[in-house]
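Subject: Structure handover

Hi there,

Here is the structure I promised to pass on, with my notes below it. Have a look when you have a moment.

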Amino acid sequence: MALSVNFVTDLQELFRYPFMQHALEAGTIVAIIAGIVGYFVVLRRSSFAAHALSHIGFAGAAGAVLFAVSPVYGLLLFTGVGGSAMAVLSPRAAHRDVHIGTVLAFMLGLGVLFISLYAGNSSQTYSILFGQILGISSGDVLLTLAAGVIILAVVAVVYRPLLFSSLDEDVAEAKGMPTFLLGIVFMLLVAVATSIAVQVVGVLLIFSLMVTPAAIAQQLAKRARTAIMISVTIALVATWLGLSIAYYGPPYPVSFYITTLVFGFYLLVRFVYRRVRPLTAYRAALKET
Amino acid sequence: MPQRHGIDSETNIESLELVRLAYSGKRWGFSLSPQDREAALWAMRDVGAEELAHRSLNVLSGGELQRIFLAEALVSRPDLLLLDEPLSNLDLKREKDLVQLVNRVVRSRNVTALLIAHNINPLLPFLDKVIFIANGKVATGKPEEVLTSESLTDLYGVPVEVLHDSRGNVAIVGIEQHHGDE
């Protein structure tokens, strides 16, 4: 497929095959969800927990494959149970690393066992680890949509309390907010978001959608809502561009393109924007005087 | 107001948003409302932090942060303000400023403040009641009753002296034991 000069026909061409439609649909939902949930992950400093949840999901997905069930159910089950367990066992977000790491290593081991027990081909394992956005069925899209709608609804309800307790858990607790419950809700949000995002970027590359866009957004905006919008935009642009490049350009894995684009944004903000910003602030100050 | 906050150099959120959330964060739902903006600005004005409203938390100094945290605690109009070691990271000037600020705010709003401190001296001019805890023993009462050389020496188990200077200032100091001083 070659790019033509007509942008509209190029866009239509992207939607020509069902596998591309499904990829774009699921990719869009996942990017929106990951961008939103990711902001809370970054604000709560729970990126290690998010990382671990995806690995716990790997064991679940490998187990599901072993029992000939769709991997996403294994992912949902394992990340849901694992996430709640993390929230309940260690209620203080900041001190969870050691517990999480312990469970994470065990779960990866379990995943390896399931893979070795599974006699079939290893392509499914590969797609769980690195994502298989071009292999998404219409049923997967519906499931992704349902999960996405549920996450959006839950976030709309808990947004304010979750935002405050993520920002300042001690004061939130002192003011009588249900921080323990919010911790569990948060982990379940991450669990579901991780489970659907695995289809797009895989267990190992989940950071590129769940953490990096939000981390970039946090550098750019000092209001939560603006930051969430930026985070979603970055995730969306990376997903769409990644898919388009893989379609028109060299046929390398889509998840490679997505992670590279997100990393590019990160470098740009980290090293270029941060140098430029003090300068513009300085010039603005000069103008005022 | 906890001794240590989770907020650090990574927290790029403007202080107004933190104080607004402290006001309305308890309610479920999505958007921040004009009321919480009003309440937040009013609390920030009371602690002399209105010019910090649109600054990000990660660029504020320790003293500025303490004022924001005080506004955060005050904004929901509590009856009791709990301040855990609010003076622990401040220099002498800021320490004095903060104590005076807390005193002013607490009296103008009719709020009870329970302030925990290791060093009682900067607080002495403003105390209504003291609960002194040391070595598993407690002494409680009005400052002039509790803060005497005898009761504090008894409490700490080491000699302590309450000094009064010519201007009426009071200071509490531990006394070196001089052996063979007789």
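One term before the tour: helices (H or I, at least four residues) and strands (E, at least two) are DSSP runs, numbered from the N terminus. Please bear in mind that this is a predicted model, where local features need pLDDT of at least 70 and side-chain atom pairs count only at pLDDT 80 or more, while totals for chains, interfaces and linings use all residues. As for labels, residues are numbered from 1 along each chain as its sequence is written, and chains are lettered from A and ligands numbered from 1 in the order in which they are written.

Chain A first. Along the sequence its pattern reads α-α-α-α-α-α-α-α-α-α-α-α-α, which comes to 13 helices and zero strands. The C-alpha trace of chain A spans about 70 × 55 × 30 Å along its principal axes. Chain A has a radius of gyration of 20 Å, which agrees with the value near 19 Å for a compact globule of 289 residues; the radius is taken over C-alpha atoms, and the globule rule is 2.2 Å times the number of residues to the power 0.38. Of those 289 residues, 49% count as buried, meaning that 20 or more other C-beta atoms, placed from the backbone, lie within 10 Å of a residue's own (exposed is 12 or fewer, partly exposed in between).

Now the contacts, where two residues count if their C-beta atoms, placed from the backbone, lie within 7 Å. Within chain A, among contacts between residues at least 6 apart in sequence, 75% join residues at least 24 apart. Between the chains, 23 residues of chain A are in contact with 23 residues of chain B. On the chain A side, α7 (138-167), α8 (169-174) and α11 (212-220) each give two or more residues, and α7(A) gives the most, with nine.

Chain B is assigned domain 1 (1-117) and domain 2 (127-182), with bounds from an automatic or database domain assignment. The C-alpha centres of these two domains of chain B lie 32 Å apart.

Finally, a hairpin in chain B. Strands β5 (residues 160-164) and β6 (residues 170-174) of chain B pair in the antiparallel sense over five bridges; pairing requires that DSSP finds at least two bridges between two strands. Across from β5(B), B:Val173 in β6(B) stands opposite B:Glu161, and B:Ile172 stands opposite B:Val162. Five residues lie between the strands of this hairpin, in which B:Gly168 takes a positive phi near 90°.

Best wishes
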